[in-house]
Amino acid sequence: MVHMTDDWSSALLTDRYELTMLQAALRSGAAHRRTVFEMFARSLPNGRRYGVVAGTGRFLDALRRFRFDTDTLDYLADARIVDDDTLRWLADYRFTGDIWGYGEGDCYFPGSPILSVEGTFAESVILETIALSIYNHDCAIASAASRMVTAAGERPLIEMGSRRTQEMAAVAAARTAYLCGFSSTSNLRAGHLYGVPTAGTSAHAFTLLHDNERHAFESQLEALGSGTALLVDTFDVDRAVRCALELAGPELGGVRLDSGDLAMTAARVRKLLDEHEAFDTRIVVTGDLDEYAIQALAVAPVDGYGVGTALVTGSGEPTVSLVYKLVARARGTEPGTPLEPVAKRSVGKPSRGGRKWSVRRLDDDGTATAEVVYDAEPEPEPLARPLMRRLVAGGEIVGDEPLDDARERHARSLRELPATAQRMSRGEPAIPTHFEQRSHT
């Protein structure tokens with residue numbers, strides 16, 4: 001998330017009904033009952049084989065900043081959103097409970113308890129919207145980005161979708177794309193905030209600014225060196241490539257193609273480059289690419305891809321429809337009162353009551369065979385990887401980690417899935433989700 005100032009508050013990134021529920025619960029006395037909320041998806045979008053957890057780091061940052069400062073409280077008072085008693089409670093708000101969740105970058109499946117929030121109803125319910133808005137966006141981007149990385153194989157991908165989405169979403173998308181294996185981004189704010197490598201050279205406007213294409217190329221080479229990539233499809237591609245080679249020779253770093261039949265044009269350009277012994281000059285293609293277009297270019301002589309619109313819109317699935325549901329609550333407010341499972345029975349939208357824990361079962365080769373969700377913390381078992389890690393303990397954030405750690409976790413998690421997970425066609429989840437009981441009733 002973009003930091004407007006060093007001390008910005010995330011408390012109003014929420015829906016009004018979170019605070020109206022809080023006010024009513026404070027009046028009834030139920031606000032102080034211990035509860036468990038869980039975030040999960042009932043299904044994967046668009047027949048995809050797996051989902052990717054992303055947004056954890058941004059959520060923890062938002063939680064750290066979830067404070068009702070003077071300006072925020074003044075707004076709530078002036079707009080008569082809540083009453084004075086609720087304002088006084090909010091003024092001292094600090095989350096004091098525990099949060100567990102899947103590691104950022106790990107894969108998830110229908111029913112996976114991606115996030116588990118345990119605390120009083122009051123302190124937990126008002127985190128619903130901020131958690132869902134971050135995770136639904138970032139998981140959608142991650143699920144698309146992961147498929148694109150798979151389709152690209154060993155070829156690098158550049159994230160370049162900032163001009164196709166809202167400015168704060170662009171930064172989050174760049175972070176998430178890098179987490180899932182993209183090599184760089186065009187977004188400088190993502191580079192500044194998260195250390196994502198940045199890349200970029202020139203657009204067609206730069207070529208059109210100059211009196212002719214040769215002059216534009218000369219200017220770019222002089223400013224950026226022969227290792228730069230020249231955009232060669234403003235006018236005639238073949239002529240532009242020949243001009244680039246005359247100016248830079250075999251040391252030319254790369255050429256970029258942004259339009260037309262990319263596979264056919266790339267083959268022709270590769271032939272021209274090789275004829276001039278520019279064997280190391282890269283061909284980068286851009287222009288409305290998604291995972292299917294990238295896969296179709298697998299046999300083309302392409303060295304890298306730039307992806308924009310499809311990436312920042314989740315490749316047609318801009319949300320993964322995560323929900324945040326109350327699954328357990330205590331009957332009273334006394335310390336030690338046991339938690340009781342609660343669940344919705346709505347037609348088409350049922351939930352499973354009770355706090356849950358999950359593991360991923362593996363075969364002897366280390367390949368995942370099932371997601372297993374228990375109603376109690378399971379004992380360690382061979383060939384089963386625990387999926388939940390502690391993110392917040394007694395209100396203290398303990399789950400911060402470098403972005404590169406999440407990037408490595410995603411690569412490991414993806415390698416763990418069966419080969420069917422790599423298919424781009426629609427299909428069932430790569431592994432089934434089983435719900436098993438461990439507790440005694």
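A patch is made of residues with over 30% relative accessible area and no salt bridge, and like charges are joined within 9 Å. The exercises below apply to a predicted model.

**Exercise 1. Surface charge**

Task: State which residues gather in the patch of negative charge on the surface, and check D69 against the accessibility cut-off.

Solution.
1. The patch of negative charge consists of D7, D69, D71, D74 and D78.
2. D69 sits in the loop between α2 (56-64) and α3 (70-78).
3. The relative accessibility of D69 is 32%, so D69 counts as partly exposed.
4. The patch cut-off is over 30% relative accessible area, and D69 has 32%.

**Exercise 2. The open sheet**

Task: Give the strand order of the six-stranded open sheet, find its edge strands, and describe how β9 and β10 are joined.

Solution.
1. The order is β7-β6-β11-β10-β9-β8, with parallel pairing.
2. β7 (184-185) and β8 (229-231) each pair on one side only, and they are the edge strands.
3. Inside that order, β9 is followed by β8 on one side and β10 on the other.
4. Strand β9 covers residues 254-257 and strand β10 covers residues 282-285; four bridges join them, and they run parallel.
5. Within this pair, V255 of the one strand stands opposite I283 in β10.
6. In general, strands of a sheet pair through backbone hydrogen bonds, either parallel or antiparallel.

**Exercise 3. Salt bridges between distant parts of the chain**

Task: For the salt bridges R58 with D138, D98 with R390 and E246 with R214, give the N to O distance, the elements linked and the accessibility of each partner.

Solution.
1. The structure holds 27 salt bridges, among them the three treated here: R58 with D138, D98 with R390, and E246 with R214.
2. Between R58 and D138 the closest N and O atoms are 2.8 Å apart. R58 belongs to helix α2 and D138 to helix α6 (residues 128-152), with their positions 80 residues apart in the chain. Both R58 and D138 are buried.
3. D98 and R390 meet at 3.7 Å, N to O. D98 is in strand β3 (residues 98-102) and R390 in strand β17 (residues 388-393), 292 residues apart. D98 is partly exposed at 25% relative accessibility, and R390 is partly exposed at 34%.
4. For E246 and R214 the closest N and O atoms are 2.5 Å apart. This pair links helix α11 (residues 237-248), which holds E246, to helix α10 (residues 213-224), which holds R214, 32 residues apart. E246 has a relative accessible area of 59% and is therefore exposed, whereas R214, with 34%, is partly exposed.
5. The salt-bridge cut-off is 4 Å; the distances are 2.8 Å, 3.7 Å and 2.5 Å.

**Exercise 4. A network**

Task: Which residues are linked in a network of salt bridges?

Solution.
1. The network links D106, R360, E371, R385 and E416.
2. As a general point, side chains of opposite charge can pair when their charged atoms come close.

**Exercise 5. Positive phi**

Task: Locate S321 and L383, and state the phi of each.

Solution.
1. Most residues other than glycine have a negative phi.
2. S321 is not a glycine, yet its phi is positive, near 60°. The loop between α14 (309-312) and β12 (322-330) contains S321.
3. L383, also not a glycine, has a positive phi of about 60°. L383 is in the loop between β15 (368-374) and β16 (384-386).
4. With a relative accessible area of 43%, L383 is partly exposed.

Notes: Residues are numbered from 1 along each chain as its sequence is written. This is a predicted model: local features need pLDDT of at least 70, side-chain atom pairs count only at pLDDT 80 or more; totals for chains, interfaces and linings use all residues. Side-chain values use heavy atoms; hydrogens and water are left out. Two strands pair if DSSP finds at least two bridges between them. Helices (H or I, at least four residues) and strands (E, at least two) are DSSP runs, numbered from the N terminus. Buried means under 20% relative accessible area, exposed over 50%, partly exposed in between (1.4 Å probe, protein chains only). Patches are made of residues with over 30% relative accessible area and no salt bridge: like charges are joined within 9 Å, nonpolar side chains (Val, Leu, Ile, Met, Phe, Trp, Tyr) within 5 Å. Accessible areas come from the Shrake-Rupley method with a 1.4 Å probe; for residues, only the protein chains shown count as cover. A salt bridge is a side-chain nitrogen of Lys or Arg within 4 Å of a carboxyl oxygen of Asp or Glu. Lys and Arg count as positive and Asp and Glu as negative; His and the chain ends are not counted. The place of a charge is taken as NZ of Lys, CZ of Arg, CG of Asp or CD of Glu.
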